[in-house]
Amino acid sequence: MRDKVKIDGKLDEKSWEKAEWTDYFVDIEGDKQAKPIQSTRAKMLWDDEYLYIAALLEEEHIWAYQSVKDQIVFHENDFEVFIDPDGDTNNYFELEINAINNTFDLFIPTPYRHGGQPDHDWNVEGLKSAISIDGTLNDASDKDKHWIVELAIPFKALKYDDLLTPVPREGTEWRLNFSRVNWKTEIVEGKYQRKKDPDTGKLLPEYNWVWSPQGIIDMHWPEYWGYLIFKGSKVK
């Protein structure tokens, strides 16, 4: 019997229960920095149409205000997915999502350090996404527990012009990484704001917590991403 995954942010299907969590995320620089102050884990499933991704983000203060599609979501706390299906470090895809289920997606033909110009008009056509929150959104008067991201990314959406991503089979290998951006915040007139250095007026640097450490503060080195091998944990 097919255990169909419903994208609702709940992860209560048997397929999700059987899927293994990743290790806890670490700082983007790896062992150069301390362990993250809040935990993050992810898990994945797949079938003949979708790559399913779920992430659980521990968070004492869950907030998000950006509600317009393709705003720069990482200017607030977010969860990010990076996919390079053929592993050649070029022609890769990025998806960002915040706690109110607003997304920012883009295609990058070549890393920025090589002069790559991202296409912000590219979209994950047919994307399914949902958020669930254990806590209260945008309420600074209490402490929250976590938020869950659930995604279904269609394989057929991972295309650009003549570039197509074949539907993976058992044993197919991709390069992939997950990132979580978390900002230091303060409360101003009841709203969360990114905290600034009182001396310089500049924003304090954000935390970057990732599945596969980059060694540098830059996600756009696909050669440092992890490997996703399609086997097991398939929704049947």
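I62 sits in the loop between β3 and β4 of this predicted model. Is I62 buried or exposed? The cut-off for burial is under 20% relative accessible area. I62 has a relative accessible area of 1%, so it counts as buried. Leave aside the neighbours within four places in sequence, and I62 still touches A99, I133, D134, T136, L137, N138, D144, H146, W147 and Y192. K35 gives a sense of distance. K35 and I62 are separated by 27 residues in sequence, and their C-alpha atoms lie 20 Å apart.

Next comes β3, one of the two strands that flank this loop. Strand β3 covers residues 50-58 and strand β8 covers residues 146-154. The two run antiparallel and are paired over nine bridges. Within this pairing, Y52 has A152 of β8 as its bridge partner.

Both strands belong to an open sheet of four strands. The order is β2-β3-β8-β7, and the pairing is antiparallel. Which strands stand at the edges? They are β2 (40-46) and β7 (128-134). Each has a single partner strand, so one side of each has no neighbour in the sheet. With direction ignored, neighbouring strands here are turned against each other by 10° on average.

On the other side of the loop is β4. Strand β4, residues 78-84, is joined to β9 by seven bridges. These two strands run antiparallel. Across this pairing, E80 faces S179 of β9.

Strand β9 deserves a closer look. It spans residues 173-182, and nine of its ten residues are buried. Besides β4, which other strands pair with β9? One is β13, residues 226-229, joined to β9 by four bridges in an antiparallel arrangement. There, R175 stands opposite Y227. Another is β12, residues 207-210, which also pairs with β9 in the antiparallel sense over four bridges. In that pairing, R180 lies opposite W209.

R180 also leads to N182, through a side-chain polar contact of 3.1 Å. N182 is itself part of β9. With a relative accessible area of 4%, N182 is buried. What does N182 touch, leaving aside neighbours within four places in sequence? The contacts are Q38, E59, N77, E206, Y207 and W209. W209 thus appears twice: opposite R180 in the strand pairing, and in contact with N182.

Now turn to the nonpolar residues. The largest nonpolar core holds 35 residues. Inside this core, L51, I53, F79, V149 and F178 have the most contacts. Several strands feed the core: β2, β3, β4, β5 (92-97), β8 and β9 each supply at least two of its residues.

F79 shows how these elements meet. Leaving out neighbours within four places in sequence, F79 is in contact with F25, I53, A55, L57, L95, E96, I97, W147, V149, F178 and S179. Four of the core's best-connected residues besides F79 were named above, and I53, V149 and F178 are among the partners of F79. S179, also a partner of F79, is the residue that stands opposite E80. W147 touches F79 and also I62, which brings the path back to the loop where it began.

A second core lies apart from the largest one. It has 13 residues, among them V5, L11, A54 and A130.

Technical notes:
Residues numbered from 1 in each chain as written. Predicted model: local features only at pLDDT ≥ 70, side-chain atom pairs only at ≥ 80, totals over all residues. Heavy atoms only, no water. Buried < 20%, exposed > 50% of the residue type's maximum accessible area, 1.4 Å probe, protein only. Pairing = 2+ DSSP bridges. Axes fitted to C-alpha atoms, helices over the stretch in contact; angles between N-to-C directions. Core = buried A, V, L, I, M, F, W, Y, C linked by side-chain atoms within 4.5 Å. Contact = heavy atoms within 4.5 Å. Polar contact = N/O pair within 3.5 Å; in protein donor to acceptor, adjacent residues only side chain to side chain.
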